Amino acid sequence: EYHRGTYTSMARNKKYNRRSEFLLENTELFSSLAGSLTGLPYPKEELDELWETALRNQFHDIVPGSSIFEVYEDSKREYETLLAKGGALEKKALKALADEIQAPLGALVVFNPNSGGEGPVVFEGTCQLSNPVLWDGEREYPVQKLSRETCLAWLSGVPSKGYAVYTLKEREGQTESILKVSKQTLENEYLRVVLSEEGQIVSVYDKEEERELLKAGQRGNVLMTYEDRPHNYDAWDINNYYKEKSWEITDLQEIRVTEEGPVRASVRIRRRYLDSVIEQTLSLTAGSRELRIQNEIDWKEKKILLKALFPVEIHTDEATFEIQYGNVTRKTHYNTSWDFARFEVCMHKWMDVSENGYGVSILNDCKYGVSVHDGVIGVSMLKSATYPNPAADKEHHSFCFSIYPHKGDFREAGTIPKAYELNNPMEALWKENEGGSLPARYSAVSVDAPNVMVEVLKETEDGQGTALRLYEAFNRRTRTMLSLGLPVKRAFLCSMLEEKEQELSVEDGQIRLELKPFEICTVRVEKD
């Protein structure tokens, strides 16, 4: 019942940790595919070195934010080298794949690192078209120009752990946007979000379910600061009396519409707090139930905890929080000393509160601390300790979290794929050559059960096969079919050290698996 502050201290390191984990998994995935499909050598030595850097920085006083200043200077340097080298390896693999795909010069190849098949993709390139769309041969997807050289599209049906090819073309007729935006309102086909004059959310109305998400008379996305002076362990702890001194951030500088198009509508809110500046961009995307909040914060404070508060009208006394390869349910009342001790808990990519038939998930791309009590969800954004690092968190921060109202519980709502979508968006490359023999659509691996997540596809450590790692996420016994686009002759259930334990039956590239609740499963695939 100590060290609740370690979920939030040194935000930069926690962001780099999350980004590094996803980047290295993506590099393993696409390097493995490039090796199987194009013959590009798998960069095992380079990946081993980068994983060692990532794991070293997960040491128990580095990633929690409880080390001295010099450690974070070293860590920043190491992480940025890792991200640069890993990014170069991933781009090399993506280009090798794109070059061998049978598609015309100038086609856009969209790579999907996740099990789910929808989400936003940002791609570079000057677009001279007045009403551009991406065309996959069957369906058009509107494109929104974000700048002179950047565009955005929202795609669905992109193959799991694979890619699809699109053509950028002019749409016949005008695209009618279902998005509406002003300084006080954001609206798409699912949600209507209303802002107060101070930029706080006064309503999140679910048009499909005809219900209000926020508690009557209360406001969402309230930025609250608290005096943060733990008894003993500054960077380590948040003590239970932290709410006794609190200040709401109300110094509004500006509200303005920043995006208005067929794909996304956005409003930017700029606030000052003491010597710090907080910019939040609230966005709705056509076809999505998510309200995304992108945060850009120039933080100068010390001994201050910053939270974003959301009072939700959901009748429940428990909440669900993602942990590594699973999730856990915790009570949200203070009926016992054990319950009271959970005034600040940890989440990974998401948390959820649901009643029977309806709920809301909070997704994030690098935040871990959260509180849930009396229907108020508090996302811990920053905690600026002064010991043992007097400069902790006094820098620029860029991160995103989203509000995802949904029907059913997190299982029915697809919260887990949504969290992957936020953390690990699809990537796109223009095809720079003619020809190629690879198909225009390809999936390396997919499953037919929504509760089974494919997390890892990599070359085995001995270089003699491909390792797949999956986990069951709903606490449900499950039979599922694993469909492989990779050449496969034999397959084995393995230990996590990739040691063969049981041979599996393979028929036409498909493997039938049975997983226990929350089981982590490693499958070894061999083509010879």
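**Figure 1. Helix α1 gives the largest share of the lining of the second largest pocket, seven residues.** This view, like those that follow, is taken from a predicted model. The second largest pocket has a volume of about 1,200 Å³. Its lining is made up of 38 residues, and those closest to the centre are E21, E25, W51, Q58 and Q324. Besides α1 (11-38), the elements that give two or more residues to this lining are α2 (44-56), β19 (318-323), β30 (452-459) and β31 (466-472). Sorted by class, the lining of the second largest pocket holds 17 nonpolar, six polar and 15 charged residues.

**Figure 2. The largest pocket has a volume of about 1,500 Å³.** A total of 49 residues line the largest pocket, and V122, L422, N423, P425 and M426 are the closest to its centre. In this lining, 23 residues are nonpolar, eleven are polar and 15 are charged.

**Figure 3. Strand β3 pairs with strand β6 and is joined to strand β4 by bridges.** Strand β3 comprises residues 132-135, and strand β6 comprises residues 162-170. These two strands pair in the antiparallel sense, with four bridges between them. Within this pairing, V133 stands opposite K169 of β6. Strand β4, formed by residues 140-147, also runs antiparallel to β3, and three bridges join the two. Here L134 has Y141 in β4 as its bridge partner. Together, β3 and β4 form a hairpin in which four residues lie between the strands. One residue of the turn, G137, has a positive phi of about 100°.

**Figure 4. A salt bridge joins the side chains of E78 and R56.** The distance from N to O in this pair is 3.0 Å. E78 belongs to helix α3 (residues 69-99) and R56 to helix α2, so the contact can be described as one between two helices. The two residues are 22 residues apart, and the pair links distant parts of the chain. E78 has a relative accessible area of 27% and is therefore partly exposed. R56 also counts as partly exposed, because its relative accessibility is 39%.

**Figure 5. The side chains of R264 and E259 meet in a salt bridge.** In this pair, N and O are 2.7 Å apart. The relative accessibility of E259 is 18%, and E259 therefore counts as buried, since the term applies to values under 20%.

**Figure 6. A salt bridge between E526 and K500 ties together two strands.** The side chains of E526 and K500 meet with an N to O distance of 3.1 Å. E526 lies in strand β37 (residues 520-526), whereas K500 lies in strand β34 (residues 500-504). The pair therefore ties together parts that are 26 residues apart in sequence. Is each partner buried or partly exposed? E526 is buried, because its relative accessible area is 9%. K500, with a relative accessible area of 46%, is partly exposed.

**Figure 7. Five residues are linked in a network of salt bridges.** The members of this network are K44, D48, K458, E461 and E498. Across the whole structure, a search finds 42 salt bridges. Among them are the pairs shown in the preceding views: E78 with R56, R264 with E259, and E526 with K500.

How values were computed:
Residues numbered from 1 in each chain as written. Predicted model: local features only at pLDDT ≥ 70, side-chain atom pairs only at ≥ 80, totals over all residues. Heavy atoms only, no water. Pairing = 2+ DSSP bridges. 1 Å grid on protein atoms, 1.4 Å probe; cavity = no way out; pocket = protein on both sides within 12 Å on 5 of 7 lines; lining within 4 Å. Points joined across faces, edges and corners; volume = space filled by probe spheres on them. Nonpolar A, V, L, I, M, F, W, Y, C, P; charged D, E, K, R; others polar. Salt bridge = Lys/Arg side-chain N within 4 Å of Asp/Glu carboxyl O. Buried < 20%, exposed > 50% of the residue type's maximum accessible area, 1.4 Å probe, protein only.
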